[in-house]
Amino acid sequence: MRLFRFKGGVHPDEHKVTTELPITPMPIPKRLYLPLQQHIGAAAEPVVKVGERVLKGQLLAKAKGPVSAPVHASTSGIVTAIDEFTAPHPSGLPVKSIIIEADGKEEWVDNIIPIDPFKLSAEEISIRVGEAGIVGMGGAAFPAAVKLNLGSKHRIHTLIINGGECEPYLTCDDRLMQERPGPIIDGIRLMLMALQCNQAYIAVENNKPAAQSALRDACEAFPEIEVIGVPTRYPMGSEKQMIQTLTGLEVPAGGLGADIGVIVHNVATAYAVQQALRHGRPLISRIVTVSGGSIKTPANLEVPLGTLAEELVEFCGGLSETPKRQLLGGPMMGTSIPHLDVPIVKGSNGVLALSETEMRLQPSPQPCIRCGRCVQACPVGLLPLEMAARARNGKVEDALDFGLMDCIACGTCSYVCPASIPLTQYFNFAKGELARKRVEQQKSDRTRELAKARQVRLEREAAEKKEAAARRKAERDAKKRAEQAAKEKEAAS
Amino acid sequence: MHAIVALTVLGLFLGFLLGMAAKRFKVENDPIVEEIEAQLPGTNCGQCGFPGCPAAAQALASEGAPVTLCPPGGKSLAETLAKMLGVSFDASAMDDGPAKLARVKEELCIGCVKCFRECPTDAIVGAPKQIHVVMQQACTGCGKCEEVCPTMCIEMFVPPTTLPEWRWPKPQHEVVARAA
Amino acid sequence: MNHYIPAPSPHTHGTLNVTRIMLTVWLALLPASVYAIYLFGWPVLNLFLITVTTALLSEAATLWLAGKNVRNGISDGSGLLTAWLLAMTLPPWAPWWIAVVGAVFAVVVGKQVFGGIGQNLFNPAMLGRVALLIAFPLEMTTWVNPQPLFTEAAPGFINSLAITFNGLSNIDAVSGATVLGHMKTELGRGVPLAEVLPGFFSLQQGAMGAMRGSLGETSALLILIGGIFLLLRRLITWHIPVAMLASVTVLATLMHLIDPARYADASVHLLSGALILGAFFIATDPVGSPSTPRGQLIFGAACGALIYIIRTWAGFPEGVAFAVLLMNAATPLIDHYFRPRIYGRSSDGKPLDYTQGKFARLLTRYAGRKP
């Protein structure tokens, strides 16, 4: 198959030391912290009460609105609290979470009836995927059912299964592809059904030959599924760049892959779909790579959602030194977290503890020398140096003209910048600034309307009062006149 | 001699052009006042020191009042005004501290409806002898309710940042790229 | 966690930094520099040392006056590189004060006045050179004959100090014109090219550099090797050098075909003067050149054309410095108009429209071959 090249990109040191390590199940911890929002969209709404006993796989919080995802119990136990807990987010701010005290019995809910999923309709498949709480597991955590539903509105000609895993260190998808290729292929066939599409490509970077051959063996019987080796180049795993690599088509700015008939799902999502439809299991665990120079024994773990990162690290023998930075996700786009007491959620693919040397932290940013390396490296074709200069001067609207909203925040520009300017942060800042302005504008528009309405109301009330006063006066006058008349009458008579 | 004639003619011609242009493209002063007023919150809260938004708009347009005068409008309003008026302002110097909102201390509220009557955006709900509540989505933080409350049960507070409202801060190091 | 400052992604970094870039470029200049020292003797070494020392001292002084961090400002190596490049454009036996004035002008006026590294509109080294050329035309065009070290004619070390600091008494006896200078004068007198060049210039001489000229002008080959080193290390891209050399080659060949008696062929232009140095080391200075590949092609081609025009028709025999400075001034304009196409957008910035035209056909073709 002919592949296309996306512009720019880099090849950072891979550090994939865990490629050979099999997936190890992680024991159920004592306590689980399940944030109500582990996905893009509206937070889920709790359906259990504090003190209630819940079973493994039981619905804890239901989806709220069209773009949302439910949360299920990762194990059986007691709900001890529904409270704020540190979110897996760079801000380190808390988010409402359901906290479960595990009872160690691992008792499953009994409402699971195995069915033949291939007898389901396309709509039923995506409904079940939605009910299982499945979200994009490559990191973005967009509800998978919403994407599977797009088949009803758009004609989808190609489903791309993203096995790129272009982030350094991470091997969770790699291991999943090596160890469970059958279920993945099964899941892909179900996804094809849901999308009413008959061509799927599994794109796997060429640095994962074992995963490629495992998948090839598993999909031999299914001509509609093809494994494609793609060049090892960051950000290959980015949806837009992957579509470009495989099809030569580009997602129109501001649009979706579905607009050009292409849908991208992560391999782990395909696996989760299979688990949900074949075995009726909601998304309650995921595979996480624990790695980095400060971790004693790196590993690939299958982790119940809600387990604290701290426990994963402990399970891996702890830290060999105080890490310079701890992350959820990969080093290019991952989230730095203030401490390890942060739960693993649906989108967490890695827990990394990095040492200073492997981060190659630069002392401090230097002035831009306009070398244009960021321009060469940007996979989108932006001018990072110009955008950052404008963001720095607070001219976020100007940065917008340079394509700020087309930025995919892949961090390639910051990675190559010889002056180590935090370009990506400038863009995040500028995007946040625009969002803030939009919110402020909305509020001020609303309050202006309210103020106007009040003005109108006050005027109306004043007018009414005046009218009422006039009426009363008229009545009084009439009464007086009547009395007068009566008196006169009396006097006359 | 030729030069003098030529220059005189040229001068007269250009002067005529300028005069025509001044007549032709004359800018009325008033529209800008209305435009500015349309941008202001319209709550007449008086925090700017002028009696109401129309007066503030007038001051901005003709008396050179600073674009940063309106606390409820915040930095984004200041930027809009600066653009409209073609002036620059120091955004970083502007106290962009988190906007304050009003909140009723329920144990002190006597349900006197004074704040309710005062609120320029009808952000306070309540009825006589009932505890009042401030609807934060509609509150501009003007503080008028705080002034009229007889029991001092209204306090201005800084709402804590929630996750969806959190924004990446600006990088702290001052690095520059010359803008092309 | 109120005081927690989040660390932005990415959490890893490439190996390149500014100091490394500057030092690698300097390294690439070394072969030609060493050869220049060999060819023209110890005065060249004096010149290098004086230029670099002055540049660093004046840079430190300016940084200190501006209240900036002196150590950071010096340690990026950009001052060293500017000074070295400037020295390479000086006549080999130029007096000490030429080096001092040039270095101070380049660093202070050319760079720090604009706000330091990355802020300068113009290439500082070229600004320094042009200032010298205009202010001291005589000193800047006195070209000694090559007198390789360890030969009889070469001045000894002590003698070299005298040359640098005291000037030369019998300068006319040991100096002459550069190839380009000679060509300009002779052609100006109406002498046909066929009589001008023989005996004055040969390809081998041009490549190896055993001829009169400024330090960086002599050995085209060694400069080229340095340039290719930079390309291989990916410190520069091919766009500017290739565009620049190609544009000079095309123009020279064209004019030579029109009138061989008046216009020298491309080899003369390529191998004489500072063209190769300019193409690989000066025009590629990132600060003053466009940041996009297309912009760089235009920049390089325009530099080449200006060089040819200045050499052929203008008053100066050599035009690299002027051409680069002129194009530096045009860089913001080029950067403004030649932006790369953004993913998912057409070149005019509108989102790609797959519902009609070329893109619709592309999509149908792609989707159509699906089962």
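A residue is counted as buried here if 20 or more other C-beta atoms lie within 10 Å of its own. The structure on display is a predicted model, and this tour applies that definition to chain B before moving to chain A.

**Chain B**

Select chain B. Of its 180 residues, 27% count as buried. Colouring by secondary structure shows six helices and four strands. Followed along the sequence, these elements give the pattern α-α-α-α-β-α-β-β-α-β. Among the contacts in chain B with a separation of 6 or more, 54% are made by residues 24 or more positions apart.

**Chain A as a whole**

Select chain A next. Chain A contains 15 helices and 17 strands. Its C-alpha atoms fill a box of roughly 120 × 65 × 50 Å along the principal axes. The radius of gyration of chain A is 30 Å, whereas a compact globule of 493 residues would have one near 23 Å. Of the 493 residues in chain A, 58% are buried. Residues 24 or more positions apart provide 72% of the contacts in chain A with a separation of 6 or more.

**A sheet in chain A**

Now select strands 9, 10, 11 and 12 of chain A. In which order do these strands lie in the sheet? The sheet is open, its order is 11-10-9-12, and the pairing is parallel. At the edges are strand 11 (225-230) and strand 12 (262-266) of chain A, each of which pairs on one side only. From one strand to the next, the twist averages 25°.

Narrow the selection to strand 9 (residues 158-163) and strand 12 of chain A: these run parallel and are joined by five bridges. Within this pair, Ile160(A) stands opposite Val264(A), the latter in strand 12 of chain A.

Add helix 5 (residues 181-195) of chain A to the view. Helix 5 packs on the sheet and touches strand 9, strand 10 (200-205), strand 11 and strand 12 of chain A. The direction of helix 5 makes about 150° with that of strand 9 of chain A.

**Where chain A meets chain C**

Finally, show chains A and C together. How many residues does each chain bring to the contact? Chain A gives 59 residues and chain C gives 41 residues. On the chain A side, helix 7 (239-247), strand 15 (325-328), helix 14 (412-416) and helix 15 (423-492) each supply at least two residues. Coloured by class, the side of chain A that touches chain C shows 30 nonpolar, 22 polar and seven charged residues.

Note on methods:
Residues numbered from 1 in each chain as written. Chains lettered and ligands numbered in written order. Predicted model: local features only at pLDDT ≥ 70, side-chain atom pairs only at ≥ 80, totals over all residues. Rg over C-alpha atoms; globule rule 2.2 N^0.38 Å. Buried ≥ 20, exposed ≤ 12 C-beta atoms within 10 Å, placed from the backbone. Contact = placed C-beta atoms within 7 Å. Nonpolar A, V, L, I, M, F, W, Y, C, P; charged D, E, K, R; others polar. Pairing = 2+ DSSP bridges. Axes fitted to C-alpha atoms, helices over the stretch in contact; angles between N-to-C directions.
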